[in-house]
Each structure stands twice: as C-alpha cells, then as structure tokens.
Amino acid sequence: MTETRGTTTFAPTLLPTATPSRTRAAVAELLRPHRTLALTAFAVMVGATAIGLLVQPLLGRIVDLAADHGSADAITTTAALLVAVSVAQGLTTGLGLSLISRLGETTLARLRERFVERALGLPLERVEKAGAGDLTARVTADVSLIAEAVRSALPELARSLLTIVLTLGALALLDWRFLLAALLAVPVQVLTARWYVARAVPLYAAQRVAAGAQQQQLLDTIGGAPTVRAFRLEREHTERVTQRSWSVVELTLRGLKLVLGFYSRLHIGEYIGLAAVLITGYWLVHQGSASIGTATAAALYFHSLFNPINAALALLDDAQSATASLARLVGVTDEPPAPPGRALEPGAVEVTVRGLSHAYRPGHPVLHDIDLTVRHGERVALVGASGAGKTTLARLIAGIQEPIAGSVLVGGLPPTEISGSLALITQETHVFAGPLADDLRLARPDATDDDLRTALDTVEALAWAEALPEGLDTVVGDGGHRLDGARTQALALARLILADPAFVVLDEATAEAGSAGARSLEKAVARAVDGRTALIVAHRLSQAAAADRIVVMDGGRIVESGTHDELRAAEGPYAALWEAWSDTRGDGP
C-alpha cells in the first residue's frame with residue numbers, strides 16, 4: 001500500500017509488533033500486581049475441579065451396587081452424594097470463573113491504559129508513516145479480540161487445563177494402567193497441537209496486518225472521496241479496496257481450512273485413547289484386578305476428557321489470534337515514552353531556522369537549505385504555490401517531524417523538547433464528542449465558564465455557541481450537534497486562546513471556511529495570535545497581507561521576504577501571486 005504527500009510516494013512503515021518472548025514478559029508484568037487474586041482464583045478452580053472428579057467414582061459405585069445386587073438404600077445414598085457433588089462443583093466453579101474474569105478484566109484495563117498512553121505519546125511523524133489504519137486496527141479490532149478472549153477463552157481454558165491434569169491424576173489413582181492407556185492419545189494430540197500452532201501463529205499475524213491494510217485503504221478512499229471523484233479515480237480505489245478485502249478473505253478461508261484439519265486429527269486421538277482404556281478395563285476385570293464399577297469410572301474419566309481437551313486445543317484458535325493481537329499492542333506499549341518537554345523561558349520567543357533541508361524519500365528533497373528568523377511577537381506568513389514546501393517547513397518548525405539537515409530552535413530549544421508553549425493548528429481540526437464546554441477545556445482543564453466565554457468571544461464565536469440548543473452544554477461531535485468548517489476552526493482558535501502558547505503555527509487554518517466565513521475567520525485568527533509569535537501558512541493572500549512579514553517559497557526554497565507593500569513594489573513572485581489572486585476576486589480586497 002502506498003500514500004502520497006505532495007509529489008512523493010512512499011510505503012507505510014507499520015508500527016512494531018512484539019516478539020513472543022517479549023509478549024509473555026509483558027503479560028507477566030501486568031499480572032505481577034495481582035498475584036494474590038491470581039493465586040486465589042487458581043486455588044478455587046483446583047477445588048472446584050477436584051470436587052467434580054468425584055462424579056465418576058460415584059457412578060462406578062452405582063454400577064458395582066447394581067452388579068452385586070446391592071440395597072436400594074445404598075444406591076439412594078450414592079445418588080444423593082452425586083447431587084451434593086454437582087451443587088458444590090457448580091458453586092465453586094462459578095466463584096472461580098468470576099475471580100478469573102476479574103483478573104482478566106483488570107489486566108486488560110491496565111493494558112488499554114498503557115496502550116493509549118503510549119499511542120498518544122507517539123511522534124505524529126511515526127503515526128503518519130504507519131498509516132492511521134494500522135493504529136486504528138490495533139485500538140479497535142485487536143483490543144476487541146483480546147477482550148473477547150479474556151472474557152470467554154481465558155476462564156474456559158483455565159478450567160479445561162485443570163480438568164485435564166486432575167483427571168489424569170484420578171485415572172492413575174484408579175489404576176496406573178488406565179493412565180498408560182489414556183496416554184496413548186497424547187502423541188496424536190501433541191503432534192496435532194504442534195502442527196496447528198506452527199501454521200496458526202504466522203497466519204493470524206498476517207490476518208491482523210491484512211486487516212490493518214484494509215482499514216487504511218478504506219480510510220483513504222472514504223476520507224478522500226471528494227478528491228477521488230474529482231480525479232475520476234473511483235475504479236482504481238475500488239480495485240484497491242477489493243484487493244485488500246480479498247486478501248483478508250483468503251487468509252480467513254485458510255484459517256478455516258486449518259481449523260477443520262485440526263479437529264480431524266483430534267478425533268483420531270480420541271478414538272485411540274478410548275479404545276485403549278476400554279480394552280484395558282476389560283482385561284483388568286477379566287484378571288480380577290478391577291471391578292466393573294472401576295472400569296466404568298475409568299472409561300467415564302477418559303470420556304470426560306473429550307470436552308476439556310477439545311476445548312483447550314480449540315481455544316488455541318482464539319489464543320493464537322489473541323496472542324497475535326496482544327503482540328501488536330505490546331509492540332506499541334514498548335515504544336519509548338516521549339521525553340518530558342520543557343516550557344519556554346518567560347520573555348522573548350524567537351524562532352531560528354538554519355540550513356534546514358528535508359526529504360520524505362532519500363534523493364528527493366522538498367526543502368533546500370532554509371534560513372529563517374521569526375522575531376518575538378512577529379507574525380510571519382508563508383505563501384507560495386502548492387508543493388512549494390510551506391506545510392513541510394511549518395511541520396518541521398512545529399516539531400512534528402525531524403529535519404534531515406539543519407536546525408530549528410524556538411526560544412533556544414528544539415521544538416521536539418518543548419511542552420505547552422507551542423501550538424499547531426491545521427485545517428484538519430477535530431471536534432471531540434461531548435459537551436462543547438468539555439471540548440474547550442481540553443486546552444485548559446481548570447478554565448471557568450467565564451474563561452470559556454471570553455475565549456469564544458475573542459474569536460467571535462460566543463454568539464453562535466450560546467445559541468446552540470443547550471448553550472455550552474450542547475453535545476457536539478459524533479452523535480451530537482454538527483459544526484461546520486468555520487465553526488470548527490473557531491473552536492480550535494478558542495482552544496488556542498485557552499492554552500495560551502507563546503508560539504503558534506497555523507497551517508492553512510482558514511482553508512475549510514467558505515468564502516462567506518473567510519473574512520470573519522481571518523479576523524478571529526488575528527485576535528487569537530495577537531501578542532504571540534506566529535508562523536502562518538496562508539491559504540488566502542488577504543491573510544498574508546495583514547502579517548508583519550511575508551516569506552515567499554518556491555521549489556522548497558525561500559525566494560522572497562518582506563512586507564506586503566515591499567514585495568508588491570518589488571514586482572517579483574509575490575506581486576505576480578497577488579495580481580493573479582486579486583484578478584479572481586474582481587477589484588481585490
């Protein structure tokens with residue numbers, strides 16, 4: 001799969017996936033704080049399983065009583081004991097499963113927290129290289145798969161394994177020869193498990209990667225639908241979606257075929273083991289070494305292993321799939337945390353760019369030896385044709401990406417080391433689902449209602465905000481009141497005022513506003529950046545004209561710099577841009 005940035009095409013680099021050993025170590029780390037709960041759950045499940053193993057000897061006792069013409073009272077007493085055993089087993093099993101579920105949910109919650117914490121701390125450049133689909137698939141499909149395994153597969157697997165171990169022990173107590181007969185099925189089952197795991201692990205890992213690629217393609221196609229239609233790329237994108245989808249389907253069918261082969265081999269082991277136990281029972285009864293009831297109990301013990309063995313091995317299917325998903329989550333949680341940022345020193349905030357060069361792909365530079373200084377309190381506008389390098393320069397100065405050469409210093413610090421004093425607003429602003437007031441408080445959690453109204457009023461958004469059905473308490477975002485492009489950008493600017501950064505980078509922050517709302521939004525931008533050092537990628541030249549200085553870019557280089565009047569008088573690239581832009585608007589602004 002490929003993505004395009006400007007004229008550069010590159011293949012996404014997926015986020016890391018943890019190795020099996022590292023995944024096991026991560027699970028151990030998550031369980032360590034809950035050792036007491038884990039041991040209690042294990043002890044209760046052992047007790048519940050042991051109680052359940054009394055059923056087969058009691059049934060064997062009934063067979064012996066019937067064969068020896070025992071009294072009705074003895075049979076009735078044995079039957080009553082069976083009822084008591086069933087009730088006790090049910091109660092203890094329920095308690096044990098609830099403890100295991102609590103352990104699993106607690107551990108899963110901690111894993112989710114660590115994943116979200118690390119995902120939010122990932123550099124945006126790293127996320128963009130991986131593609132939004134990869135991260136989205138991990139936080140949705142992978143987390144859901146693990147959650148389902150924790151809620152259903154984990155308790156059942158724990159119960160099945162305990163039943164298998166204790167039942168084999170019970171067979172040995174009846175007669176060690178019954179155990180040997182039962183173990184004849186083990187080689188077939190072990191070979192089946194090894195055959196399955198060797199094929200399932202890479203298959204399910206490939207399924208998760210294919211699902212991420214499919215999701216990324218769907219996001220690209222649906223998110224870029226207007227562009228796809230504009231360039232008549234519907235057929236090409238449909239083919240891409242079809243290709244990604246069929247890749248997932250083919251892997252799923254391979255998994256189904258693998259599971260069918262898995263069960264076929266298991267049945268062979270069951271037949272071998274049961275036949276061996278029955279033949280051994282017949283021989284021991286014939287020799288007088290065991291009663292009919294004991295042989296019956298042995299046969300019932302082995303038959304009772306069918307369900308737990310099949311369940312345990314079948315749960316390998318869920319376990320392998322969940323393990324593949326878990327490795328993808330651990331791969332993200334193991335990413336090094338972002339270093340703690342530093343606040344800019346109070347006082348002058350000057351931006352210094354020296355010898356800056358950058359390329360998204362080796363040998364294809366998009367910026368060439370850029371030198372630029374933005375003085376404290378200065379508003380500098382970047383203008384130029386599409387592909388000139390404006391957004392790339394803005395992203396490097398904002399610390400979203402690391403340059404391949406040169407340096408960027410904001411207030412004497414690299415932008416990647418700054419926290420809370422630098423803000424970037426692009427045209428792709430998100431409205432978080434929830435009350436409008438909560439959305440605003442993301443920028444400053446301790447802001448009062450008066451603070452929120454002041455920020456909205458500054459960007460001329462208070463009137464429409466208070467006119468919403470429930471004012472600032474109106475739910476916006478997904479499932480709530482829908483805000484248009486201009487109001488969404490105004491909301492972002494209000495957040496900016498509340499955050500109160502010393503340096504602001506605006507990357508075409510007014511691009512989503514229609515012509516009617518453009519002038520109002522440009523005024524809002526001017527108020528929001530008032531008193532701050534600002535770098536503005538100007539979508540409209542009227543916004544650039546109001547800046548303190550204009551920097552003109554072309555082909556990844558700065559070709560002009562000066563005020564609006566100076567550059568118009570110079571009759572260079574900016575003057576040509578201004579004339580062309582003004583002609584499209586009649587007499588110009």
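Two helices count as roughly antiparallel when the angle between their N-to-C directions is over 145 degrees. In this predicted model, that cut-off applies to the pair formed by helix α2 (residues 35-52) and helix α4 (residues 72-121), which pack at an angle of about 155°. α2 and α4 are therefore roughly antiparallel to each other. Their axes lie 8 Å apart, and the crossing is left-handed.

The contact between these helices can be followed residue by residue. On the α2 side it involves Leu37, Ala38, Thr40, Ala41, Val44, Met45, Ala48, Ile51 and Gly52. The residues of α4 that meet them are Val85, Ala88, Gln89, Thr92, Thr93, Leu95, Gly96, Leu97, Leu99, Ile100, Arg102 and Leu103. Divided by class, the contact of α2 with α4 comprises 14 nonpolar, 6 polar and 1 charged residues. A general property of helices is useful when reading such lists: an α-helix has 3.6 residues a turn, so residues three or four places apart point the same way.

A second pair is formed by helix α8 (residues 186-223) and helix α10 (residues 234-287), whose axes are 9 Å apart and which pack at an angle of about 165°. That angle makes α8 roughly antiparallel to α10. The crossing of α8 and α10 is left-handed, and their contact contains 20 nonpolar, 13 polar and 5 charged residues.

Helix α8 also holds Gln217. This residue counts as buried because its relative accessibility is 2%, and the cut-off for burial is under 20%. The C-alpha atom of Gln217 is separated by 68 Å from that of Thr76, and the two residues are 141 residues apart along the chain.

Further along the chain is helix α13 (residues 390-398), in which Thr392 lies. The helix is mostly covered, with 8 of its 9 residues buried. These buried residues are Lys390, Thr392, Leu393, Ala394, Arg395, Leu396, Ile397 and Ala398. Thr392 has a relative accessible area of 8% and is therefore buried. Leaving aside residues up to four places away in sequence, Thr392 touches His358, Tyr360, Val366 and Leu367. After α13 comes Gly399, which has a positive phi near 85°.

The third helix pair has another geometry. Helix α15 (residues 449-458) and helix α17 (residues 485-499) cross at roughly 125°, and their axes come within 8 Å. α15 and α17 are therefore oblique to each other, and α15 passes α17 in a right-handed crossing. From α15, the contact draws on Asp451, Leu452, Ala455, Leu456 and Thr458, while α17 provides Ala494, Ile497 and Leu498. By class, these residues are 6 nonpolar, 1 polar and 1 charged.

Finally, the confidence of the prediction should be considered. The protein has a mean pLDDT of 82, and 93% of its residues reach 70 or more. Over residues 1-11, however, the pLDDT is below 50, and this stretch has 27 contacts in the model beyond near neighbours in sequence.

How values were computed: Residues numbered from 1 in each chain as written. Predicted model: local features only at pLDDT ≥ 70, side-chain atom pairs only at ≥ 80, totals over all residues. Heavy atoms only, no water. Axes fitted to C-alpha atoms, helices over the stretch in contact; angles between N-to-C directions. Helix = DSSP H or I, 4+ residues; strand = E, 2+ residues; numbered from the N terminus. Parallel < 35°, antiparallel > 145°, perpendicular 65-115°, else oblique. Left-handed = near helix turned anticlockwise from the far one by under 90°. Nonpolar A, V, L, I, M, F, W, Y, C, P; charged D, E, K, R; others polar. Buried < 20%, exposed > 50% of the residue type's maximum accessible area, 1.4 Å probe, protein only. Contact = heavy atoms within 4.5 Å. pLDDT = per-residue confidence, 0-100.
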